[in-house]
Amino acid sequence: ADGLRVEEGALYPALQKLLLKGWVKAAWRESESGRQVRGYRITASGRRQLEAEVAEYRRMAGAIGVLLDEA
C-alpha cells in the first residue's frame with residue numbers, strides 16, 4: 001500500500017457519496033490525542049456493494065490477462 005496515496009480533496013467527497021448511498025456510517029469519537037474525529041464503518045449494504053465491485057474487478061482483470069497472454 002506504499003504506492004497508494006489518496007489526496008484529502010478526493011477522500012472526503014468520496015466518503016460523502018458512500019454515506020449518501022448508505023454504504024458507510026459515520027460517528028464522532030475521541031482520538032487518542034483527545035481530538036474529536038469522525039470514524040467511518042462499512043454497512044451490510046456497503047459490504048454487498050464491495051463484494052460486487054471486487055467480483056467485477058476480478059472479471060475485468062481476468063479478461064485483460066487473457067488479452068495480454070494472447071498478444
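Reader: Which residue stands opposite A27 in β2?

Author: A27 stands opposite G39 in β2. This is a predicted model.

Reader: What makes β1 and β2 a pair of strands, and in which sense do they run?

Author: Two strands pair if DSSP finds at least two bridges between them. Strand β1 (residues 24-30) and strand β2 (residues 36-42) have 7 bridges, in the antiparallel sense, so the condition of at least two is met. W28 also has its bridge partner in β2, namely R38.

Reader: What lies between β1 and β2 in the hairpin?

Author: The hairpin has 5 residues between its strands, and in the turn G34 has a positive phi of about 90°. S31 is in the loop between β1 and β2.

Reader: Why is S31 called buried?

Author: The relative accessible area of S31 is 18%. Buried means under 20%, so S31 is classed as buried.

Reader: What makes the approach of S31 to S33 a polar contact?

Author: The two side chains come to 2.9 Å. The cut-off for a pair of N or O atoms is 3.5 Å, so the S31 and S33 side chains count as a polar contact.

Reader: Where is T43, and why is T43 called buried?

Author: T43 is in the loop between β2 and α2. Its relative accessible area is 13%, and the limit for buried is under 20%, so T43 is classed as buried. The side chain of T43 reaches the backbone oxygen of G22 at 2.7 Å. G22 comes just after α1 and takes a positive phi of about 80°.

Reader: How do you know that the span of α1 is close to the expected one?

Author: The expected span is 1.5 Å times one less than the number of residues. α1 has 14 residues, and the expected value is given as 20 Å; from first C-alpha to last, the helix reaches 20 Å.

Reader: Why is K17 called exposed while Y12 is called partly exposed?

Author: Both are in helix α1: Y12 and K17. Exposed means over 50% relative accessible area, and partly exposed lies between that and the buried limit of 20%. K17 has 55%, so K17 is exposed. Y12 has 46%, so Y12 is partly exposed. The C-alpha atoms of K17 and L50 are separated by 14 Å, with the two residues 33 apart along the chain.

Reader: What makes Y12 eligible for the nonpolar patch on the surface?

Author: Patch residues need over 30% relative accessible area, and Tyr is on the list of nonpolar side chains. Y12 has 46%, so it passes the area condition. The patch is formed by L4, V6, L11 and Y12, with about 410 Å² of accessible area together.

Reader: How do you know that R59 and E56 form a salt bridge?

Author: Their closest N and O atoms are 2.8 Å apart. The rule asks for a side-chain nitrogen of Lys or Arg within 4 Å of a carboxyl oxygen of Asp or Glu, so the pair qualifies. The count by this rule comes to 1 salt bridge. R59 and E56 both lie in helix α2 (residues 44-70), 3 residues apart, about one turn of the helix.

Reader: What class of exposure does E56 have, and why?

Author: E56 has a relative accessible area of 35%. That value falls between 20% and 50%, so E56 is partly exposed.

Terms used. Residues numbered from 1 in each chain as written. Predicted model: local features only at pLDDT ≥ 70, side-chain atom pairs only at ≥ 80, totals over all residues. Heavy atoms only, no water. Patch = residues over 30% accessible without salt bridge, like charges linked within 9 Å, V, L, I, M, F, W, Y side chains within 5 Å. Areas by Shrake-Rupley, 256 points an atom, 1.4 Å probe, with all protein chains shown as cover. Helix = DSSP H or I, 4+ residues; strand = E, 2+ residues; numbered from the N terminus. Buried < 20%, exposed > 50% of the residue type's maximum accessible area, 1.4 Å probe, protein only. Polar contact = N/O pair within 3.5 Å; in protein donor to acceptor, adjacent residues only side chain to side chain.
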